[in-house]
Each structure stands twice: as C-alpha cells, then as structure tokens.
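Trainee: I have just been handed this one and have not looked at it yet. Can we go through it together?

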Amino acid sequence: MSDRSIRASSPAWLAAIAAVVAIAWLLPGLGDHGYWSDAELPALDRVRAALGAALSDLEHHPWLPELLRTRSYAVLEGEAGLRLPHALAAVGLVAMATGLTRARGASVGLSLLAGAFALAFPALAVSGRAALGNPIGELVLSGSVLAGLAALHGRSRLAVGGWAVASLVLLILSVTSTGLAIGGALPLAVLAAAASLEPERRAPRIAAALWLACAIAVALSVRLSLEQGDGYIPLLGAAKDLALVDKPETRRFAASLEDLGYSLYPWAPLVIVGGLLGRRSRVGALWIAVALTVVSGWSLVYGGPQPLPVTVPAALCAVAAVEWMLDPGTDRRARRAVLVMLVLSMLVIRKDAERTPARVTVPLYDFEGEHTFPADELRAPEHLGRIGGLALLALLLTAGLAPAGGPPRRLDRWLARLPAGPRAHAPAGLLAAAALLGAHRYAHELVPGVCDQLSPRRILDHHRRLVEAGELPPQLGNHRVRDEGLALYGPGDVVAIGSRRELSTYLAEDEARAAIIRDRDLPGLFQDHRQNGWPLFLLDDHHHHLRLIANRLPAGEVDLDPIPSVVFDEPPALAHQTRLRFEGYVEIIGWEVTDPIVRGREVELQLSIRVLRPLPGGTKIYARLLKGRSSRLNGEPHELTGGIYPPNLWREGDYILHRFTFQAPLLEIQPGEHELIIGLRRGEKENFEISIPEDKTGEFGVLVRDKKRNFARIGHVQVW
C-alpha cells in the first residue's frame, strides 16, 4: 500500500471526510427557520444580555457554551449566529466517532459508517440544527476521553505527556461546559474503567489515580448539591429543579434509559448488541454505562430529560454490532438469533415512535404532552416510521449479505458469484445510506418543522408582507398570546385585547383589522361572527397553536378557516341515510365510510349530525367497525369534528359534518362484512342514552345493540 493510500485511510483523514459530510447535512439553511420560542429564546436572551441588552430574570447556564454562542451571535446575528456553535460541535462529534472507530482497528467503510450513525442519532440532529441540548459540552467531554485514551496507548513519553495535557485541558473545559459531575466525574470514570482493562504494568497505578480523582469529583459534587438552595452554582453548572425536589416521584431513575433509546432511534438495539457482543467496543460499552449511571442520578435532582454524552461510544458500539454480524467466524445460529431480536426490538421502538412522536423527534425537550407537539402538521409519525422502516430494511439486507458462518447456503453460493469488492462494501454502504437518509430527514424536515411550528416568525412575516403591500394596517391585535417571539418578530404597534367581546368589537370595525390569537379561541370567535355577521378570515395557520386572523381577505389570500367545512345551515348529503338520536342533544341523519375498506390503508368516516342543543364540552364519539367478537376497527372514542368546532358551541339548527380518518390494521382484523356501531361518550364512565329509536329497531335498519341503549348499529361495511 502506498504512503498516499495509508494517509487517506488514517483516522484523521476519515474524520475530515465525515466532518465534510456532516457540514453538508447540518449547516445549509441553519437560519431559515425561526427561533423555537420556549426552547431557544432563553438562550437568545442570555446572549443579548451578555452583549449589553437590558434583560433580567435570566436562567444561568455553563460558561463555555454561553461564550461561544455570544461570540457567534455577535458576528453573524440572527438564528444562524445562535445555532452555529451547536452545529459545529455536532460536526466535531461526527468526526470523533469516525476517527475513534478507525483508530480502534475498524475498516475504512465501517469507520465512515460510524460517522453516519452519529449523524443519524436524533439527539445530535436536534442539537446540531437548533440551540437545544449541549453538544459543545459533549464535544469537549468526548475530546477529553479520547485524549486520555490516546495517552494510555502512547508509545513514547512525549506522546503520553502531550495527550495527557490535552486531556486535562479538555477536562477543565468540560467542567466549564457541563458542570463537575457530568463534565468531570464522568470522563474520569470512563478513563479509569478503560485503564483498568489495560494489560500494561503501569495501568493499575493510572487507574487508581483516575478512580481517586473521580471519587473526589463525585464527593465534591454531592456536597455542593446538598448545600445548594434554589440558586445556581457555577461549578455544578445547574440549579435544582424545585418542582422535582418537592415531588421526586415524577422522575424515575430508569427514565434516562428510556431517554437513551429515544436519543438513538432507530439504532438503539444495534448499539446495545454491539456493546454486549462487539469485539472492539468495550470502551464504548463502559462509556455508555457510566454515562447512564451519572446522568440518571443527576436527573433525579436537576430534572430531565438530560442530554446523554454518548454519541461517540454509541456509534462505536453500533459499528461493533455490524462488524460482529459480518464476521465469517460468527456462528450462523447466533447471528440469526441476534437478528431476530434486533428486528423485533426495532419494530417495537418504531411503533413506539409512531405512538409518541414528540419523545423521539425532540428527545432533548420535555413536552407537557403529545398534544403540545405538532405531530400532524409535521407528519412526524409517518416520517419516523419511514426512518425506522428504512433502517430495518438495511439491516435485513446486511444480514443477507453476511458471509456464511458454517456450511454454505444456496444464497451464499449465489452471492459468491458477485464481485468481491462490491459485496464486501455493500453492507456498510446500505446501512450508511439508511442512516444518512434518516439524518437528512431530521436535519431538513423534522427539526426545522418543529421550530417553524413553535415560532411565530412565519405568521408575523406574513403579516409584515401584507402590511408592506398595503392590504392590512401596521397595527396588530394580540388576544391572550404570551409568546416572547412576538416582541422579537412582531410589529412595533401591538395592541393587547383581553376579552373575546373586545376582540369581536375590534374586528367588527369598518376599517381593516388583523389580530393574532390562540387556536382554541377561534371557534368561540367564529360563533360570534356567525351570530353578528361581521367578516372573519383566517389568513395564516403556520403555527401549532397561533393563528393570524383579519376582517378583510387581502388580494391573493385564501381563507384557511376549517370551521365552515364542518358546520352548515343545511344537511350535507352523504351516501346513506339513518336516524339515531341521543337524548335531546343530537341526531345522526347520514353516514358514509370508505367502501370497501382495504387492510393497511386509510379509512374515512363521515357522519351528518343535526343539532338539537349543544352537547357538553369533552363529548366524544364511538364509531366502531365490528365483526362479531373476532375483529374490531377503531375501537376508541375520538373528538367530534376532530376538535375543529367543539360541541359545546353547537347551536340548535346547525348541521355538523363529522369526518374522521384512521388506518385499517394490516393483520389484526379479518376480512368480511363489519357492522358500523355508533355511541356518544359523556365522560370517562358514562355514555349518552339512545332516545330514537324508542324500541330496539328503527328506521333505515338501525339496531340498538345493548341493554343500556348506549350503542346502535347504523349500517354494514365490507372489509377486504
């Protein structure tokens, strides 16, 4: 091999290649999406205060990340200036993962695969595209560990001394970035554990010194924490979560293990297998175990989810698992057993991601509930499902291309006809492609989408363009919106409007008026608009819970208000008539369902409802498809009109078109004719009683199905 080839395959060169790819993934469009109000504006306020802005009541934060964000913002300003240090730190972590994997003896392809894995981990993708988490602290922490490992394996005193000094300097920077416990005790514990595994004669003395330093760091951290009140201690790098101190049961010790799985989606099972079975991943497995222990204990006092500094070791373990699978010496039965476990685990976490997309899309932020996350707007379950499915497909193809670990199979004889080079590099290439596609989806769709949906920038930019075009006045009404981004992106003339009556009066004026409101205030405002006849238009809904409305429809704009599509003065025509009344509240007079229903595809249900009087708030509807007791679709109740127009605002004489879309299971149901069963839920333990038909049977084939008269069949649907 030539000197040029050796240099090109060295850890430094491969790390540089991985860094270039990471830059291409993370830096383009870094400032195109607005600040996430709740997550990024606190960091922006601290930066502005450091640059001289008169701001108070700011949260404290470790020194080094604040310094880098402040210097970057001072030069670039805007969203890109605040996020650039995070993006560059993420690039550094990708490069470290690649270089470490190569340095520990992996092939060029597998080393580059480690960088792809690191780039694909959601925790790194989020922290690299938004000012969340602490990738700067993780970078210097990981650098301290890697420099310490290099010192342990140094061949000369000069090399050992140089790497040891570098590790110490990075350790100090790590403490200034993440605090003494995570930034000091954690890397010392990892290095001590690694030194304990070394066979060299001097290793036990080095391990003992490192364990002693780690114990001192832990003891000092515990003492400072015990003496800490409700203030901030710079050496700890955090203030206590007082709500968690009062109710410690709200954060479980094992919660960090769950956070780890979400942070490494969908590759977490591969990381675990590599940590247990990999031949080069002992340090990576120890690193992850120590990080989990330290961060779990830390999060019990200082809250969570806490960023886990495991990007580099997780990538190393994932590659170790792939290397184990591709090793011809691996027993075929063991490989099959592990593959089955991996497939089942990845299917489970994929299903979990689709069920709770907020936890996986942004594992570094604790949403108050899934309803506060813009899952539908982002199509997050669909994106996460595709990321998980692509990873699973790549893993299965990799297993199929793995060399035989026993007597040759028919597939092995067929694969033997392929050129040796492409077959050898195909597994790493397939997994890298799946990882990079997932990373791109995170970096350019999910993370920017979350920021846009939780930042008022797009709505307020839209208002500014309409003002500049002369379509709307500069003044903007603000009805109960408490978003700090309004002061950053909004116009100078903002008038506060306290009550809905004041807002109705404001918009009923003859001159053009515009206002920003919460989405939950739109239905009540629409009701007032219907009663009093003043014009109302929804101009922009590009926010999860904020809306831009006006009493004029500017030229070229479209009214985006969804409520007129569900409430009518005349009954909407549907395919089937029926008559089913629930007490004196509503009467279902028509229905229509996708027919035939095909398993694995979407199903749309429509119901035409005549309103007799408003329903209580929170009423939900059952629309089940049943075939005896052996097959059921859509068993749970759901919101009427999908929450677009709450039932407590319905008026006598209204006609409501209720639409609901759900996915027909692929395997859990049987083909054949199913009954459409309707019921209304009043509360958790109570349903509305059917008043018409008065007997068990009624018009249009309606059949009351239970003794309590809560459910009735209104028709049949074919399922294929």
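Trainee: Okay, by class, how many nonpolar, polar and charged residues are in the lining of the second largest cavity?

Mentor: The lining of the second largest cavity has seven nonpolar residues, one polar and no charged ones. Ala, Val, Leu, Ile, Met, Phe, Trp, Tyr, Cys and Pro count as nonpolar, Asp, Glu, Lys and Arg as charged, and the others, Gly among them, as polar. Keep in mind that this is a predicted model: local features need pLDDT of at least 70, side-chain atom pairs count only at pLDDT 80 or more, and totals for chains, interfaces and linings use all residues. Residues are numbered from 1 along each chain as its sequence is written, and side-chain values use heavy atoms, with hydrogens and water left out.

Trainee: What counts as a cavity here?

Mentor: On a 1 Å grid over the protein atoms alone, a cavity is a set of points where a 1.4 Å probe fits but cannot get out; lining residues have an atom within 4 Å of a point. Points are joined across faces, edges and corners, and a volume is the space filled by probe spheres set on the points.

Trainee: Which residues line the second largest cavity, and what is its volume?

Mentor: The volume is about 50 Å³. The lining consists of Trp36, Val126, Thr361, Val362, Leu446, Val447, Val450 and Cys451. Helix α22 (residues 420-453) gives the largest share, four residues. Helices (H or I, at least four residues) and strands (E, at least two) are DSSP runs, numbered from the N terminus.

Trainee: How many cavities of 30 Å³ or more are there?

Mentor: The count comes to five. The largest has a volume of about 90 Å³.

Trainee: And what lines the largest cavity?

Mentor: Leu93, Ala123, Leu124, Ser127, Asn134, Pro135, Glu138, Pro307, Leu308, Thr311 and Leu364. Two elements, α7 (122-129) and α8 (135-152), give two or more residues to that lining, and α7 has the largest share with three. By class, this lining divides into seven nonpolar, three polar and one charged.

Trainee: Switching to sheets. What is the strand order in the open sheet of five?

Mentor: The order is β4-β3-β5-β7-β6, with mixed pairing. β4 (494-497) and β6 (537-540) are the edge strands, each pairing on one side only. Two strands pair if DSSP finds at least two bridges between them. Direction ignored, neighbouring strands of this sheet are turned by 35 degrees against each other on average.

Trainee: Which pairs in it run parallel or antiparallel?

Mentor: One parallel pair is β3 (residues 476-479) with β5 (residues 514-518), over three bridges; there Asn478 has Ile516 as its bridge partner. β6 and β7 run antiparallel and are also joined by three bridges, with Asp540 partnered by Leu548. These two strands form a hairpin with five residues between them.

Trainee: Which helix lies across β5, β6 and β7?

Mentor: Helix α26 (residues 522-532), running at about 130 degrees to β5. Axes are lines fitted to C-alpha atoms, for helices over the stretch in contact, and angles run from 0 to 180 degrees between N-to-C directions. Contact means heavy atoms within 4.5 Å.

Trainee: What about the open sheet of six strands, what order does it have?

Mentor: β8-β15-β11-β10-β9-β18, with antiparallel pairing. The edge strands are β8 (567-568) and β18 (690-692). Seven bridges join β10 (residues 586-593) to β11 (residues 602-611), including the one between Val586 and Val611. β11 is also joined to β15, by nine bridges, where Ile609 partners Ile656. β8 pairs with β15 (residues 655-663) over two bridges.

Trainee: Where in the backbone are there cis peptide bonds?

Mentor: One runs from Tyr265 to Pro266, with omega near -5 degrees; Pro266 is in the loop between α13 (255-263) and α14 (268-277). Another joins Ile692 and Pro693, with omega about 10 degrees, and Pro693 lies in the loop between β18 and β19 (703-704).

Trainee: What is the phi of Asp57?

Mentor: Asp57 has a positive phi of about 55 degrees although it is not a glycine. Its place is the loop between α3 (37-50) and α4 (63-76).

Trainee: Last one: what pLDDT does the chain average?

Mentor: The average is 90, and 96% of the residues score at least 70. pLDDT is the predictor's confidence in each residue, from 0 to 100. Over residues 1-6 pLDDT stays under 50, and for that stretch the model has one contact beyond four places in sequence.

Technical notes
On a 1 Å grid over the protein atoms alone, a cavity is a set of points where a 1.4 Å probe fits but cannot get out, and a pocket is an open set with protein on both sides within 12 Å along at least five of seven lines; lining residues have an atom within 4 Å of a point.
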